[in-house]
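User: I would like to learn how to read the features of a structural model. Could we work through them one at a time, with the general idea before the particular case?

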Amino acid sequence: MNVERGLLIVLSGPSGVGKGTVRKALFSEENNNLYYSISATTRKPREGEVDGIDYLFKEREDFENMIENNKLLEWAEYVGNYYGTPVDYVEKCLSEGKDVFLEIEVQGALQVKKAFSEGLFIFLAPPSLSELKSRIVNRGTETEDLINNRMRVAKEEIELMDAYDYVVENDKVENACSRIRSIITAEHCRRDRISARYKKMLEVE
Ligand SMILES: Nc1nc2c(ncn2[C@@H]2O[C@H](COP(=O)(O)OP(=O)(O)O)[C@@H](O)[C@H]2O)c(=O)[nH]1
Ligand SMILES: Nc1ncnc2c1ncn2[C@@H]1O[C@H](COP(=O)(O)OP(=O)(O)O)[C@@H](O)[C@H]1O
């Protein structure tokens with residue numbers, strides 16, 4: 001049977017805007033056809049993070065082998081560490097008609113856009129730069145140097161938001177989630193899957 005390919009959904013935006021929080025909220029609800037792609041990284045696990053759930057934690061050498069062997073759909077070096085999307089999982093889901101959700105930084109999202117222009121690209125934006133900084137500070141996972149580094153990168157990333165299909169403001173987590181759900185629903189309708197089914201039915205008539 002010919003299965004319609006799934007939708008590749010890319011959520012991106014500056015560090016600290018709430019990508020992880022919004023993604024976890026989205027996945028805490030029932031998602032019939034949405035699958036999260038777990039990234040590989042050379043970053044050390046934070047307290048409470050679990051290998052194989054939050055990330056696939058790798059040594060630099062292992063990550064570089066993945067790059068060399070084309071095991072990554074995209075990868076980026078971000079504030080001193082590598083992050084990348086294992087390609088096999090994404091391809092397998094899409095070919096089975098499942099929607100795949102990537103939560104990645106901006107350089108990586110733009111790489112995916114080049115390879116998969118049919119993807120759905122969503123930029124999560126903070127209500128303001130000062131709110132972004134206080135979210136990073138309040139999260140308490142970064143030293144002052146790293147915070148300044150992330151804010152510097154964030155400003156560069158925000159300038160790239162027009163390259164995305166949609167910009168979603170993360171004022172409240174539940175608002176951002178409902179906007180993202182609406183966008184996914186609308187995208188499925190836009191891609192005309194139902195009309196393709198009808199065309200087949202009409203051919204049989
Ligand atoms: N390009 C790319 N970026 C990723 C990937 N996985 C995570 N990231 C991004 O890397 C950045 C740093 O992630 P992390 O160290 O977990 O910090 P946090 O997201 O700011 O809490 C974030 O913007 C993530 O969205 C990936 O597979 N590829
Ligand atoms: N809508 C929101 N309002 C207030 N705080 C938020 C919101 N979304 C996320 N946060 C908080 O901001 C901080 C950064 O969120 P996180 O999900 O780690 O961001 P990212 O994954 O984009 O780096 C966390 O402390 C989180 O609880």
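User: How does one describe a pair of packed helices, and in which sense does H5 pass H6?

Analyst: Two packed helices are described by the angle between their axes and the distance between the axes. In this predicted model, H5 passes H6 in a right-handed crossing. Helix H5 spans residues 129-139 and helix H6 residues 144-158; the packing angle is about 145°, and the axes are 10 Å apart.

User: Which residues of H5 and H6 make the contact?

Analyst: From H5 the contributors are Leu132, Lys133, Ile136 and Val137, and from H6 they are Ile147, Arg150, Met151 and Ala154. Sorted by class, this contact has six nonpolar residues, two charged residues and no polar ones.

User: Let us turn to strands. Which way do the residues of E7 point, and are they buried or exposed?

Analyst: In a regular strand the side chains alternate between the two faces of the sheet. In E7, Asp99, Phe101 and Glu103 point one way, while Val100 and Leu102 point the other way, and all are buried. Strand E7, residues 99-103, is accordingly described as mostly covered, with five of its five residues buried.

User: Which strands are joined to E7, and by how many bridges?

Analyst: Strand E1 (residues 8-12) runs parallel to E7 and is joined to it by four bridges; in this pairing Ile9 stands opposite Phe101. Strand E2 (residues 34-36) is also parallel to E7, with three bridges, and there Leu34 stands opposite Asp99.

User: What is the order of the strands in the sheet that contains E7?

Analyst: The sheet is open and has five strands in the order E2-E7-E1-E8-E9, with parallel pairing. Its edge strands are E2 and E9 (166-169), each of which pairs on one side only. From one strand to the next, the twist averages 25°.

User: Where do H3 and H4 lie with respect to these strands?

Analyst: Helix H3 (residues 87-95) lies across E1, E2 and E7, and runs at about 150° to E7. Helix H4 (residues 106-115) packs on the sheet and touches E1, E7 and E8 (120-125), its direction making about 155° with that of E1.

User: What is the strand order of the sheet that contains E5 and E6?

Analyst: That sheet is open, with four strands in the order E4-E3-E6-E5 and mixed pairing. E4 (56-57) and E5 are the edge strands, each pairing on one side only. The mixed pairing can be followed strand by strand. Strand E3 (residues 40-41) and E4 pair in the parallel sense over two bridges, with Thr41 opposite Phe57. E5 and strand E6 (residues 81-86), by contrast, pair in the antiparallel sense over six bridges, and Thr85 in E6 is the bridge partner of Glu74.

User: How many residues lie between E5 and E6 in their hairpin?

Analyst: Two residues lie between them, and Val79 in the turn has a positive phi of about 40°.

User: Which helices pack on this four-stranded sheet?

Analyst: H2 lies across E3, E5 and E6, running at about 45° to E6. H4 touches E5 and E6, and its direction makes about 155° with that of E5.

User: What is notable about the phi of Asn70, and is the residue buried or exposed?

Analyst: Phi of Asn70 is near 55°, a positive value in a residue other than glycine. Asn70 lies in the loop between helix H2 (60-68) and strand E5 (72-78). Asn70 counts as exposed because 8 other C-beta atoms lie within 10 Å, and the cut-off for exposure is 12 or fewer.

User: Finally, which residues does UniProt list for "binding site"?

Analyst: The unreviewed UniProt entry lists Gly13, Pro14, Ser15, Gly16, Val17, Gly18, Lys19 and Gly20. The record also carries the annotation "domain: Guanylate kinase-like", covering residues 6-185.

User: Why do Gly13 and Lys19 count as buried?

Analyst: A residue is buried if 20 or more other C-beta atoms lie within 10 Å of its own. Gly13, in the loop between E1 and helix H1 (19-28), is buried because it has 28 such neighbours. Lys19, which lies in helix H1, is buried because it has 20. Leaving aside neighbours within four places in sequence, Gly13 is in contact with Lys19, Phe123, Leu124 and Ala125; on that basis Lys19 is in contact with Leu11, Gly13, Glu103 and Leu124.

Note on methods:
Residues are numbered from 1 along each chain as its sequence is written. Chains are lettered from A and ligands numbered from 1 in the order in which they are written. This is a predicted model: local features need pLDDT of at least 70, side-chain atom pairs count only at pLDDT 80 or more; totals for chains, interfaces and linings use all residues. Axes are lines fitted to C-alpha atoms, for helices over the stretch in contact, and angles run from 0 to 180 degrees between N-to-C directions. A crossing is left-handed if the near helix is turned anticlockwise from the far one by less than a right angle, and right-handed if clockwise. Two residues are in contact if their C-beta atoms, placed from the backbone, lie within 7 Å. Ala, Val, Leu, Ile, Met, Phe, Trp, Tyr, Cys and Pro count as nonpolar, Asp, Glu, Lys and Arg as charged, and the others, Gly among them, as polar. UniProt positions are given in the numbering used here, feature names are shortened, and annotations may be inferred rather than shown by experiment. Two strands pair if DSSP finds at least two bridges between them.
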